[in-house]
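The following exercises concern a ligand site and the backbone of one protein chain. Each task is followed by a solution in steps.

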Amino acid sequence: MTVTVFSPAKINLYLAVTGRRPDGFHDLVSVVSTLDYGDELTATLVPAGEGAKFRLECDRTDVPLDESNLILRAARAFAEATGWPGPGDALAVSFQLTKRIPVGAGLGGGSSNAVAALRCLGRLHPDALTGARLEAVAATLGSDCALFLRNAPVIIRGRGERVELLPAAAVERLRGQRLLLFKPSFGISTPWAYGRMAAEAPRHYCPPDEAEERLAVWLRSRGSLADLLFNNMEGVAFGKHLALPVLLEKLRRKFGVSVRMSGSGSACFALVEDRPATVVTGMEQTIRESWGDGVFIKDVRLG
Ligand code: C5P
């Protein structure tokens with residue numbers, strides 16, 4: 001038996017990191033949407049044989065396939081929570097990952113893959129892990145896992161585990177909007193970016209009241225998606241990687257587009273919903289000229 005699950009990327013349209021918590025994580029207020037772009041994860045039930053209970057293959061060589069991979073950690077967490085497949089079962093699960101989401105991008109690839117693994121196992125062994133138990137297991141795997149359990153744009157709070165659906169009127173302003181997603185050849189480590197936030201605090205933190213008020217103003221208003229865009233993690237990323245602010249400013253000036261970095265970076269995005277094809281092609285050319293051939297560029301839509 002084989003099942004296949006889409007494992008979407010996410011972007012943070014609004015990200016206000018408000019401060020460091022006693023547990024070392026950061027509190028944030030963020031509006032997040034999945035994209036129509038992502039990885040694909042297939043899981044096949046195979047005879048257990050001599051090998052491990054969970055096996056993983058990937059079409060790319062730069063993805064770690066050991067225990068550090070969130071797919072295998074998710075599978076192990078599923079087995080611990082449900083007892084399936086148990087030591088006595090003659091079954092193993094073989095995962096095949098088709099990786100398209102760049103790593104170190106702030107696009108949630110690892111957390112998305114973890115949730116995709118839980119979904120695959122949930123289809124191979126239905127009813128084993130649902131509702132609050134599923135959410136609890138997902139939360140142990142990564143801060144972004146909770147948002148991937150919803151198939152809708154959401155507001156996340158806390159370290160990302162408190163998820164609220166975005167009101168319908170706001171969803172209308174987001175759904176299906178076209179973006180140009182682009183990332184330089186280098187990635188940014190999430191722990192590094194949050195570590196810099198803590199080291200440079202309070203310069204970059206957004207006070208919690210201000211974070212909520214900014215979002216509330218947008219929710220009340222008839223403002224466009226462009227009016228929502230905010231990311232106070234840009235300060236630390238831009239301080240180290242000057243290529244990011246230089247290009248974003250160039251795109252704003254030359255094409256009049258709204259551009260932001262997603263999450264802790266290094267991926268960025270531009271809103272291109274009503275832009276003619278010539279403008280989008282011109283933007284792609286500018287991005288390639290600035291960041292070189294190793295650049296990742298994708299024309300995507302919000303999920
Ligand atoms: O939860 P996740 O594995 O995605 O987080 C990676 C790292 O990013 C954490 O170990 C922590 O250093 C930092 N982080 C944080 N606050 C968050 C999310 C992540 O400080 N809300």
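**Exercise 1.** How many Å separate an oxygen atom of the ligand from an N or O atom in the side chain of Ser-143?

*Solution.* The model is predicted. Step 1: take the side chain of Ser-143 and select its N or O atom facing the question. That atom and an oxygen atom of the ligand are 2.5 Å apart. Step 2: compare the value with the cut-off; a polar contact requires N or O atoms within 3.5 Å, so the pair with Ser-143 at 2.5 Å qualifies.

**Exercise 2.** Identify the polar contacts that nitrogen of the ligand makes with the protein backbone, and state how far the protein covers the ligand.

*Solution.* Step 1: at His-26, a polar backbone atom is 2.8 Å from a nitrogen atom of the ligand. Step 2: at Arg-159, the distance from a backbone N or O atom to a ligand nitrogen is 3.1 Å. Step 3: the ligand taken alone exposes 450 Å², of which the protein buries 73%. The site of the ligand is the largest pocket.

**Exercise 3.** Describe the shell around the ligand by residue, class, secondary structure and domain.

*Solution.* Step 1: list the residues. They are Gly-24, Phe-25, His-26, Leu-28, Gly-142, Ser-143, Arg-159, Thr-190, Pro-191 and Tyr-194. Step 2: sort them by class, which gives four nonpolar, five polar and one charged. Step 3: assign secondary structure. Strand 2 (26–47) and helix 6 (190–200) each contribute at least two residues, and helix 6 provides the largest share, with three. Step 4: assign domains. Domain 1 (2–165) and domain 2 (175–301) each supply at least three residues of the shell.

**Exercise 4.** Which peptide bond is cis with omega about -10°, and which is cis with omega near 10°? Place each in its loop.

*Solution.* Step 1: the bond with omega about -10° joins Trp-84 and Pro-85. Pro-85 belongs to the loop between helix 1 (70–82) and strand 4 (91–98). Step 2: the bond with omega near 10° runs from Gly-265 to Ser-266. Ser-266 is located in the loop that links strand 9 (259–261) and strand 10 (268–271).

Notes: Residues are numbered from 1 along each chain as its sequence is written. This is a predicted model: local features need pLDDT of at least 70, side-chain atom pairs count only at pLDDT 80 or more; totals for chains, interfaces and linings use all residues. Side-chain values use heavy atoms; hydrogens and water are left out. A residue is near a molecule or strand if one of its heavy atoms lies within 4 Å of it. A polar contact is a pair of N or O atoms within 3.5 Å; within protein, one must be able to donate a hydrogen and the other to accept it, and residues adjacent in sequence count only if both atoms are side-chain atoms. Accessible areas come from the Shrake-Rupley method with a 1.4 Å probe; for residues, only the protein chains shown count as cover. On a 1 Å grid over the protein atoms alone, a cavity is a set of points where a 1.4 Å probe fits but cannot get out, and a pocket is an open set with protein on both sides within 12 Å along at least five of seven lines; lining residues have an atom within 4 Å of a point. A molecule sits in a cavity or pocket if more than half of its atoms lie within 2 Å of its grid points. Helices (H or I, at least four residues) and strands (E, at least two) are DSSP runs, numbered from the N terminus. Ala, Val, Leu, Ile, Met, Phe, Trp, Tyr, Cys and Pro count as nonpolar, Asp, Glu, Lys and Arg as charged, and the others, Gly among them, as polar. Domain bounds come from an automatic or database domain assignment.
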